[in-house]
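Here is a short note for a colleague who has not yet looked at this entry. Please keep the viewer open while reading.

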Amino acid sequence: GDEFVVVCPTEDVADAHAIARRVLARLRNDASGPGFGASIGIAMAPAGSLLTAEQLIRTADMAMYRAKE
């Protein structure tokens, strides 16, 4: 399936989960056609983190696959 990345400027885990829930709700309720499901993986890095974008994407990807289980 298709994969995409959403980058959000928050360090609050609850905010990240709320954003994920809004994305899922929008995908399920898209008025242009039948809704569909999705799996989301969240990865976070605090301000000043030395994690690279590649590392964050890999972490989010692993979380997404765990969400599918």
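The points below go from the whole chain to single residues.

1. **Model and fold.** This is a predicted model. The protein has 2 helices and 0 strands. Helix 1 covers 13-28, and helix 2 covers 53-68.

2. **Extent.** Along the principal axes, the C-alpha atoms fill a box of roughly 40 × 20 × 20 Å. The chain counts 69 residues, and 12% of them are buried.

3. **Contacts along the chain.** Take the contacts between residues at least 6 apart in sequence. Of these, 41% join residues at least 24 apart.

4. **Surface.** About 5500 Å² of the protein is exposed. Carbon and sulfur atoms supply 56% of that area.

5. **Charges.** There are 7 positive and 9 negative side chains. How far apart do the centres of the two sets lie? The distance is 5 Å.

6. **Largest pocket.** The space in the largest pocket comes to about 1100 Å³. Its lining holds 33 residues. Phe4, Val5, Val6, Gly41 and Ala60 are the ones nearest the pocket centre.

7. **Helices in the lining.** Helix 1 and helix 2 each supply at least two residues of the pocket lining. Which helix gives the most? Helix 2 does, with 7 residues.

8. **Threonine 10.** This residue sits in the segment before helix 1. Setting aside residues up to four places away in sequence, threonine 10 touches Asp15, Ala16 and Met44. Alanine 45 is 35 residues from threonine 10 along the chain, yet their C-alpha atoms are separated by 9.1 Å.

9. **Leucine 56.** Look next at helix 2, where leucine 56 is found. Is leucine 56 buried or partly exposed? Its relative accessibility is 24%, so leucine 56 counts as partly exposed. The cut-off for buried is under 20%.

10. **What leucine 56 meets.** Beyond its neighbours within four places in sequence, leucine 56 is in contact with Ala43, Met44, Ala45 and Leu51. Methionine 44 lies 12 residues away in sequence from leucine 56. In space the two are 7.1 Å apart, C-alpha to C-alpha.

11. **Alanine 43.** Alanine 43 belongs to the loop between helix 1 and helix 2. Its relative accessible area is 27%, so alanine 43 is partly exposed. Leaving out residues up to four places away in sequence, alanine 43 touches Leu56, Thr59 and Ala60.

12. **The loop and helix 2 together.** Alanine 43 and leucine 56 are 13 residues apart along the chain. Their C-alpha atoms are separated by 5.8 Å. One partner is in the loop, and the other is in helix 2. Ala60, which alanine 43 also touches, is among the residues nearest the centre of the largest pocket. Met44 is a shared name here: threonine 10 touches Met44, and leucine 56 is in contact with Met44 too.

Terms used: Residues numbered from 1 in each chain as written. Predicted model: local features only at pLDDT ≥ 70, side-chain atom pairs only at ≥ 80, totals over all residues. Heavy atoms only, no water. Helix = DSSP H or I, 4+ residues; strand = E, 2+ residues; numbered from the N terminus. Buried < 20%, exposed > 50% of the residue type's maximum accessible area, 1.4 Å probe, protein only. Contact = heavy atoms within 4.5 Å. Areas by Shrake-Rupley, 256 points an atom, 1.4 Å probe, with all protein chains shown as cover. Lys, Arg positive; Asp, Glu negative; His and termini not counted. Charge placed at Lys NZ, Arg CZ, Asp CG, Glu CD. 1 Å grid on protein atoms, 1.4 Å probe; cavity = no way out; pocket = protein on both sides within 12 Å on 5 of 7 lines; lining within 4 Å. Points joined across faces, edges and corners; volume = space filled by probe spheres on them.
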